[in-house]
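Please open the model in your viewer and keep the sequence panel visible beside it. This tour goes from the whole chain to single residues, with a selection to make at each stop.

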Amino acid sequence: MTRTTSIAKTTSRRAVLAAGLTALALTAVGCSADPTGGEAAVEHPAYEAARAEGGLTWYTSIDPDTAQSVARSFEETFPGIRVEVLRLTTGQVVARYAQERAAGTSPAEVVTVGDPDFFEEGKSAGWFESDPTLENDDDWPAEYASDGVHLISMIPIGVTYNTDAVSTPPTQWSDVLDPQYASGRIQYGDPRNVPAYMQLFSVLREEDSSFLTEVAGKSPVLASSVVNATQTVAAGGADLLITGTKPTTEIVKAEGAPIEFAPMSPTVGVEFYSAVASGPSNPNAAILFEDYMLSERGQEVLNVNTVSPLGELPGTVPMPDDYRRIATADAKAQEPQILADLGVQ
(Lines give C-alpha, C1' and ligand atoms only; values in the text may rest on other atoms or scores of the structure.)
Protein backbone atom coordinates (compact mmCIF):
# COMPACT_ATOMS: atom_id res chain seq x y z
CA MET A 1 0.00 0.00 0.00
CA THR A 2 1.29 3.44 -0.89
CA ARG A 3 2.23 5.64 2.03
CA THR A 4 2.56 9.36 1.60
CA THR A 5 4.00 12.15 3.68
CA SER A 6 3.02 15.56 2.33
CA ILE A 7 2.88 19.19 3.38
CA ALA A 8 -0.39 19.48 1.47
CA LYS A 9 -3.33 17.38 2.67
CA THR A 10 -5.71 16.15 0.01
CA THR A 11 -9.47 15.94 0.35
CA SER A 12 -11.36 12.69 0.03
CA ARG A 13 -12.81 13.84 -3.29
CA ARG A 14 -9.33 14.51 -4.65
CA ALA A 15 -8.24 11.07 -3.52
CA VAL A 16 -11.22 9.53 -5.30
CA LEU A 17 -10.35 11.45 -8.46
CA ALA A 18 -6.75 10.30 -8.30
CA ALA A 19 -7.87 6.72 -7.83
CA GLY A 20 -10.21 7.08 -10.77
CA LEU A 21 -7.44 8.32 -13.03
CA THR A 22 -5.27 5.43 -11.96
CA ALA A 23 -8.03 2.89 -12.52
CA LEU A 24 -8.64 4.31 -15.98
CA ALA A 25 -4.96 3.97 -16.81
CA LEU A 26 -4.76 0.44 -15.44
CA THR A 27 -7.69 -0.69 -17.56
CA ALA A 28 -5.48 -0.13 -20.59
CA VAL A 29 -2.38 -1.52 -18.90
CA GLY A 30 -3.82 -5.01 -18.35
CA CYS A 31 -2.91 -6.46 -21.74
CA SER A 32 0.05 -4.24 -22.52
CA ALA A 33 3.12 -5.65 -24.21
CA ASP A 34 5.16 -2.72 -22.90
CA PRO A 35 8.15 -3.93 -20.82
CA THR A 36 6.78 -2.03 -17.82
CA GLY A 37 3.09 -2.76 -18.19
CA GLY A 38 0.32 -5.18 -17.24
CA GLU A 39 0.68 -8.94 -17.64
CA ALA A 40 4.12 -8.41 -19.15
CA ALA A 41 5.30 -6.80 -15.90
CA VAL A 42 6.71 -10.11 -14.64
CA GLU A 43 8.95 -10.20 -17.71
CA HIS A 44 10.78 -7.01 -16.79
CA PRO A 45 14.34 -8.02 -15.89
CA ALA A 46 14.27 -6.04 -12.64
CA TYR A 47 10.86 -7.22 -11.43
CA GLU A 48 11.67 -10.35 -9.43
CA ALA A 49 14.63 -8.75 -7.69
CA ALA A 50 12.57 -5.61 -7.03
CA ARG A 51 9.74 -7.67 -5.55
CA ALA A 52 12.22 -9.39 -3.26
CA GLU A 53 13.33 -5.93 -2.07
CA GLY A 54 9.72 -5.06 -1.31
CA GLY A 55 9.56 -1.38 -2.16
CA LEU A 56 11.22 2.00 -2.55
CA THR A 57 11.07 5.58 -1.29
CA TRP A 58 10.26 8.35 -3.76
CA TYR A 59 11.00 12.01 -3.01
CA THR A 60 8.97 14.28 -5.28
CA SER A 61 7.46 17.73 -5.66
CA ILE A 62 4.87 16.64 -8.23
CA ASP A 63 1.38 17.62 -7.06
CA PRO A 64 0.03 15.25 -4.39
CA ASP A 65 -2.79 13.72 -6.45
CA THR A 66 -0.57 12.97 -9.43
CA ALA A 67 2.12 11.50 -7.18
CA GLN A 68 -0.47 9.21 -5.61
CA SER A 69 -1.82 8.21 -9.03
CA VAL A 70 1.66 7.28 -10.26
CA ALA A 71 2.49 5.33 -7.10
CA ARG A 72 -0.80 3.41 -7.12
CA SER A 73 -0.54 2.63 -10.81
CA PHE A 74 2.99 1.32 -10.36
CA GLU A 75 1.97 -0.83 -7.39
CA GLU A 76 -0.91 -2.34 -9.35
CA THR A 77 1.29 -2.93 -12.37
CA PHE A 78 4.05 -4.53 -10.28
CA PRO A 79 2.37 -6.44 -7.42
CA GLY A 80 4.35 -6.81 -4.25
CA ILE A 81 6.36 -3.59 -4.60
CA ARG A 82 5.34 -0.71 -2.36
CA VAL A 83 6.07 2.97 -3.04
CA GLU A 84 6.52 5.28 -0.07
CA VAL A 85 6.04 8.85 -1.26
CA LEU A 86 7.53 11.90 0.39
CA ARG A 87 5.90 14.91 -1.26
CA LEU A 88 7.19 18.42 -0.54
CA THR A 89 7.81 21.53 -2.64
CA THR A 90 10.80 21.49 -4.98
CA GLY A 91 12.81 23.75 -2.67
CA GLN A 92 12.04 21.59 0.35
CA VAL A 93 12.92 18.33 -1.41
CA VAL A 94 16.18 19.79 -2.67
CA ALA A 95 17.16 21.11 0.77
CA ARG A 96 16.20 17.91 2.57
CA TYR A 97 17.93 15.56 0.14
CA ALA A 98 21.10 17.67 0.07
CA GLN A 99 21.23 17.72 3.86
CA GLU A 100 20.71 13.96 4.06
CA ARG A 101 23.40 13.22 1.49
CA ALA A 102 25.79 15.59 3.22
CA ALA A 103 25.14 13.66 6.43
CA GLY A 104 26.03 10.44 4.64
CA THR A 105 22.69 8.80 3.93
CA SER A 106 19.21 9.37 2.52
CA PRO A 107 16.21 7.02 2.31
CA ALA A 108 15.28 8.44 -1.10
CA GLU A 109 15.83 6.00 -3.95
CA VAL A 110 14.21 7.99 -6.74
CA VAL A 111 14.07 11.80 -6.73
CA THR A 112 11.74 13.81 -8.98
CA VAL A 113 11.71 17.62 -8.73
CA GLY A 114 11.47 20.73 -10.89
CA ASP A 115 15.07 21.91 -10.60
CA PRO A 116 17.58 20.78 -13.26
CA ASP A 117 20.47 22.58 -11.58
CA PHE A 118 19.96 20.46 -8.48
CA PHE A 119 20.53 17.32 -10.54
CA GLU A 120 23.61 18.79 -12.19
CA GLU A 121 25.07 19.56 -8.78
CA GLY A 122 23.96 16.17 -7.48
CA LYS A 123 25.61 14.33 -10.34
CA SER A 124 28.85 16.16 -9.65
CA ALA A 125 28.59 15.09 -6.02
CA GLY A 126 27.89 11.47 -6.98
CA TRP A 127 24.35 11.44 -5.62
CA PHE A 128 22.69 9.94 -8.70
CA GLU A 129 23.25 6.99 -11.00
CA SER A 130 24.74 8.24 -14.28
CA ASP A 131 23.82 5.19 -16.37
CA PRO A 132 20.99 3.17 -14.83
CA THR A 133 19.81 0.16 -16.83
CA LEU A 134 16.37 1.27 -18.04
CA GLU A 135 14.38 -0.72 -20.60
CA ASN A 136 12.69 2.44 -21.93
CA ASP A 137 15.80 4.59 -22.11
CA ASP A 138 16.50 3.82 -25.77
CA ASP A 139 13.09 5.16 -26.79
CA TRP A 140 13.34 8.31 -24.70
CA PRO A 141 13.94 11.56 -26.69
CA ALA A 142 17.64 12.38 -26.47
CA GLU A 143 16.98 16.07 -25.79
CA TYR A 144 15.16 15.11 -22.59
CA ALA A 145 17.87 12.89 -21.08
CA SER A 146 21.34 13.56 -19.73
CA ASP A 147 23.57 11.14 -17.85
CA GLY A 148 20.79 9.30 -16.06
CA VAL A 149 18.57 12.34 -15.47
CA HIS A 150 15.30 12.42 -17.43
CA LEU A 151 12.90 15.27 -18.05
CA ILE A 152 9.59 13.43 -17.53
CA SER A 153 6.91 16.13 -17.44
CA MET A 154 6.35 19.69 -18.68
CA ILE A 155 3.52 21.64 -17.07
CA PRO A 156 2.87 24.96 -18.84
CA ILE A 157 2.11 27.90 -16.57
CA GLY A 158 -0.92 30.09 -17.12
CA VAL A 159 -3.64 31.81 -15.13
CA THR A 160 -6.13 30.03 -12.88
CA TYR A 161 -9.18 32.18 -12.18
CA ASN A 162 -12.42 32.08 -10.20
CA THR A 163 -15.31 32.02 -12.68
CA ASP A 164 -17.72 33.58 -10.18
CA ALA A 165 -15.45 36.57 -9.64
CA VAL A 166 -13.99 37.07 -13.13
CA SER A 167 -16.43 38.33 -15.75
CA THR A 168 -13.94 38.46 -18.62
CA PRO A 169 -11.25 35.76 -18.42
CA PRO A 170 -7.66 36.85 -19.21
CA THR A 171 -6.32 35.90 -22.61
CA GLN A 172 -2.91 37.60 -22.39
CA TRP A 173 -0.58 38.51 -19.56
CA SER A 174 -1.43 42.22 -19.66
CA ASP A 175 -5.04 41.35 -18.83
CA VAL A 176 -4.09 40.57 -15.22
CA LEU A 177 -3.51 44.32 -14.75
CA ASP A 178 -7.16 45.04 -15.51
CA PRO A 179 -8.88 47.24 -12.88
CA GLN A 180 -11.45 44.48 -12.27
CA TYR A 181 -8.83 42.70 -10.17
CA ALA A 182 -8.80 44.58 -6.90
CA SER A 183 -5.82 45.02 -4.64
CA GLY A 184 -4.86 41.79 -2.90
CA ARG A 185 -6.94 39.56 -5.22
CA ILE A 186 -4.02 38.15 -7.23
CA GLN A 187 -1.79 35.33 -6.02
CA TYR A 188 1.49 33.94 -7.33
CA GLY A 189 3.91 31.20 -6.35
CA ASP A 190 7.22 31.98 -4.71
CA PRO A 191 9.91 32.18 -7.43
CA ARG A 192 12.60 31.51 -4.83
CA ASN A 193 11.19 28.00 -4.31
CA VAL A 194 10.18 27.01 -7.85
CA PRO A 195 12.69 27.75 -10.63
CA ALA A 196 9.93 27.79 -13.28
CA TYR A 197 8.33 30.81 -11.64
CA MET A 198 11.60 32.71 -11.77
CA GLN A 199 11.94 31.69 -15.42
CA LEU A 200 8.40 32.89 -16.15
CA PHE A 201 8.98 36.26 -14.49
CA SER A 202 12.26 36.68 -16.37
CA VAL A 203 10.40 36.14 -19.66
CA LEU A 204 7.59 38.54 -18.72
CA ARG A 205 10.10 41.14 -17.59
CA GLU A 206 11.90 40.89 -20.93
CA GLU A 207 8.58 41.30 -22.77
CA ASP A 208 7.62 44.35 -20.70
CA SER A 209 10.11 45.82 -18.24
CA SER A 210 7.36 47.44 -16.17
CA PHE A 211 5.00 44.44 -15.98
CA LEU A 212 6.14 42.99 -12.65
CA THR A 213 6.20 46.42 -11.04
CA GLU A 214 2.62 46.98 -12.19
CA VAL A 215 1.61 43.59 -10.81
CA ALA A 216 3.22 44.54 -7.49
CA GLY A 217 1.11 47.68 -7.52
CA LYS A 218 -1.97 45.47 -7.14
CA SER A 219 -0.62 44.08 -3.83
CA PRO A 220 -0.50 40.43 -4.93
CA VAL A 221 -0.25 37.65 -2.35
CA LEU A 222 2.84 35.43 -2.32
CA ALA A 223 1.52 31.86 -2.02
CA SER A 224 3.34 29.05 -0.25
CA SER A 225 2.43 26.51 -2.96
CA VAL A 226 0.43 26.30 -6.17
CA VAL A 227 -1.83 23.68 -4.57
CA ASN A 228 -2.76 25.97 -1.68
CA ALA A 229 -3.13 28.97 -3.98
CA THR A 230 -5.43 27.07 -6.36
CA GLN A 231 -7.62 26.10 -3.42
CA THR A 232 -7.68 29.74 -2.30
CA VAL A 233 -8.89 30.84 -5.74
CA ALA A 234 -11.49 28.06 -5.73
CA ALA A 235 -12.78 29.22 -2.32
CA GLY A 236 -13.09 32.83 -3.50
CA GLY A 237 -10.15 34.09 -1.47
CA ALA A 238 -8.52 35.40 -4.65
CA ASP A 239 -9.55 36.10 -8.23
CA LEU A 240 -6.42 34.98 -10.05
CA LEU A 241 -3.38 32.77 -9.64
CA ILE A 242 -0.82 33.90 -12.20
CA THR A 243 1.37 30.81 -11.71
CA GLY A 244 -1.49 28.39 -12.24
CA THR A 245 -1.31 25.00 -13.94
CA LYS A 246 -3.99 23.05 -15.75
CA PRO A 247 -3.55 19.71 -13.90
CA THR A 248 -4.01 21.24 -10.45
CA THR A 249 -6.85 23.45 -11.66
CA GLU A 250 -8.70 20.50 -13.19
CA ILE A 251 -8.35 18.42 -10.02
CA VAL A 252 -9.94 21.15 -7.89
CA LYS A 253 -12.51 21.94 -10.58
CA ALA A 254 -13.61 18.30 -10.51
CA GLU A 255 -14.72 18.86 -6.92
CA GLY A 256 -17.24 21.41 -8.22
CA ALA A 257 -15.14 24.51 -7.62
CA PRO A 258 -15.83 27.56 -9.85
CA ILE A 259 -12.39 27.77 -11.47
CA GLU A 260 -10.85 27.52 -14.92
CA PHE A 261 -7.37 27.58 -16.39
CA ALA A 262 -6.42 30.12 -19.07
CA PRO A 263 -3.31 29.27 -21.11
CA MET A 264 -0.95 32.17 -21.74
CA SER A 265 1.69 33.09 -24.31
CA PRO A 266 4.60 33.33 -24.03
CA THR A 267 5.03 30.85 -21.24
CA VAL A 268 7.41 28.44 -19.59
CA GLY A 269 6.64 25.27 -17.70
CA VAL A 270 7.27 23.55 -14.43
CA GLU A 271 9.57 20.89 -15.79
CA PHE A 272 10.07 17.83 -13.65
CA TYR A 273 13.29 15.85 -13.80
CA SER A 274 13.87 12.44 -12.27
CA ALA A 275 16.85 10.26 -11.40
CA VAL A 276 17.76 7.13 -9.50
CA ALA A 277 19.79 7.80 -6.37
CA SER A 278 23.25 6.28 -6.17
CA GLY A 279 23.69 3.50 -3.64
CA PRO A 280 19.96 2.96 -2.95
CA SER A 281 18.85 0.36 -0.41
CA ASN A 282 16.52 -1.14 -3.01
CA PRO A 283 18.31 -0.64 -6.34
CA ASN A 284 16.09 -2.91 -8.44
CA ALA A 285 12.87 -1.34 -7.18
CA ALA A 286 14.33 2.10 -7.88
CA ILE A 287 15.28 1.09 -11.43
CA LEU A 288 11.86 -0.42 -12.05
CA PHE A 289 10.02 2.66 -10.79
CA GLU A 290 12.11 5.10 -12.84
CA ASP A 291 11.65 2.88 -15.89
CA TYR A 292 7.88 2.80 -15.36
CA MET A 293 7.73 6.59 -15.44
CA LEU A 294 9.47 6.51 -18.83
CA SER A 295 6.98 4.03 -20.29
CA GLU A 296 3.99 5.21 -22.31
CA ARG A 297 1.60 4.04 -19.59
CA GLY A 298 3.58 5.75 -16.87
CA GLN A 299 3.64 8.92 -18.94
CA GLU A 300 -0.14 8.82 -19.38
CA VAL A 301 -0.69 8.55 -15.62
CA LEU A 302 1.95 11.16 -14.84
CA ASN A 303 0.94 13.72 -17.45
CA VAL A 304 -2.83 14.03 -17.28
CA ASN A 305 -3.68 17.51 -18.65
CA THR A 306 -0.06 18.37 -19.31
CA VAL A 307 2.80 17.79 -21.77
CA SER A 308 4.67 14.50 -22.10
CA PRO A 309 8.17 14.39 -23.62
CA LEU A 310 6.88 11.44 -25.65
CA GLY A 311 4.40 13.69 -27.43
CA GLU A 312 0.62 13.57 -27.47
CA LEU A 313 -0.50 10.51 -25.52
CA PRO A 314 -4.05 9.86 -24.27
CA GLY A 315 -4.97 12.42 -21.61
CA THR A 316 -1.99 14.68 -22.27
CA VAL A 317 -2.02 18.10 -23.96
CA PRO A 318 0.08 19.40 -26.86
CA MET A 319 3.01 21.72 -26.38
CA PRO A 320 1.67 25.30 -26.32
CA ASP A 321 2.67 27.93 -28.84
CA ASP A 322 5.65 30.07 -27.80
CA TYR A 323 6.67 27.70 -25.02
CA ARG A 324 10.13 28.73 -23.89
CA ARG A 325 12.77 26.72 -22.11
CA ILE A 326 14.90 29.08 -20.05
CA ALA A 327 18.12 28.03 -18.34
CA THR A 328 17.70 28.20 -14.59
CA ALA A 329 21.01 30.01 -14.25
CA ASP A 330 19.91 32.72 -16.68
CA ALA A 331 16.70 33.34 -14.75
CA LYS A 332 18.54 33.16 -11.44
CA ALA A 333 20.82 35.96 -12.57
CA GLN A 334 17.78 38.22 -12.72
CA GLU A 335 16.49 37.19 -9.30
CA PRO A 336 17.46 40.38 -7.39
CA GLN A 337 15.66 42.64 -9.87
CA ILE A 338 12.66 40.32 -10.21
CA LEU A 339 12.18 40.19 -6.44
CA ALA A 340 12.65 43.94 -6.21
CA ASP A 341 10.05 44.53 -8.93
CA LEU A 342 7.58 42.28 -7.11
CA GLY A 343 8.32 43.88 -3.76
CA VAL A 344 9.48 40.62 -2.20
CA GLN A 345 11.74 41.14 0.78
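Accessible areas come from the Shrake-Rupley method with a 1.4 Å probe. With that in mind, begin with the whole protein, which is a predicted model, and show its surface: the protein exposes about 13,800 Å², and carbon and sulfur atoms supply 49% of that area. If you switch to a cartoon view, you can look for the 13 helices and eleven strands of the protein. Of its 345 residues, 56% are buried. Among contacts with a separation of 6 or more, 79% are between residues that lie 24 or more positions apart.

**First stop: two helices that pack**

Select residues 195–207, which form helix α6, together with residues 335–342, which form helix α13, and turn the view until you can see both axes, which lie 10 Å apart and meet at an angle of about 80°. Angles of 65 to 115 degrees count as roughly perpendicular, and α6 and α13 are therefore described as roughly perpendicular to each other. Now show the side chains where the helices touch: on the α6 side you will find Met-198, Phe-201, Ser-202 and Arg-205, while α13 contributes Glu-335, Gln-337, Ile-338, Asp-341 and Leu-342. If you colour the residues of this contact by type, you should find four nonpolar, two polar and three charged.

**Second stop: salt bridges**

Side chains of opposite charge can pair when their charged atoms come close. How many salt bridges does a search of the whole structure find? The search finds 15 of them, and a few are worth selecting one by one.

Start with Arg-96 and Glu-100, whose closest N and O atoms are 3.2 Å apart in a salt bridge. Both residues belong to helix α4 (residues 90–102), where they are four residues apart, about one turn of the helix. Arg-96 is partly exposed, at 38% relative accessible area, whereas Glu-100 counts as buried, at 15%.

Next, select Glu-300 and Arg-297, which form a salt bridge with closest N and O atoms 2.0 Å apart. They too share a helix, α11 (residues 296–302), and are three residues apart, about one turn of that helix. Are these two partners buried or exposed? Glu-300 is buried, with a relative accessible area of 11%, and Arg-297 is buried as well, with 16%. Elsewhere, you can select Glu-120, Lys-123 and Asp-147 together, since salt bridges that share partners join these residues into one network.

Then move to Asp-190 and Arg-192, a salt bridge in which the closest N and O atoms are 2.9 Å apart. Asp-190 is buried, with a relative accessible area of 10%, while Arg-192 is partly exposed, at 37%.

**Last stop: a serine in a loop**

Finally, select Ser-308, which you will find in the loop between α11 and α12 (328–332). Although Ser-308 sits in a loop, this residue is buried, with a relative accessible area of 3%. Add Ile-152 to the selection and compare sequence with space: Ser-308 and Ile-152 are 156 residues apart in sequence, yet their C-alpha atoms are 6.8 Å apart. To see what surrounds the serine, leave aside its neighbours within four places in sequence and show Met-154, Gln-299, Asn-303, Leu-313 and Thr-316, which are in contact with Ser-308.

Methods: Residues are numbered from 1 along each chain as its sequence is written. This is a predicted model: local features need pLDDT of at least 70, side-chain atom pairs count only at pLDDT 80 or more; totals for chains, interfaces and linings use all residues. Side-chain values use heavy atoms; hydrogens and water are left out. Axes are lines fitted to C-alpha atoms, for helices over the stretch in contact, and angles run from 0 to 180 degrees between N-to-C directions. Helices (H or I, at least four residues) and strands (E, at least two) are DSSP runs, numbered from the N terminus. Angles under 35 degrees count as roughly parallel, over 145 as roughly antiparallel, 65 to 115 as roughly perpendicular and the rest as oblique. Contact means heavy atoms within 4.5 Å. Ala, Val, Leu, Ile, Met, Phe, Trp, Tyr, Cys and Pro count as nonpolar, Asp, Glu, Lys and Arg as charged, and the others, Gly among them, as polar. A salt bridge is a side-chain nitrogen of Lys or Arg within 4 Å of a carboxyl oxygen of Asp or Glu. Buried means under 20% relative accessible area, exposed over 50%, partly exposed in between (1.4 Å probe, protein chains only).
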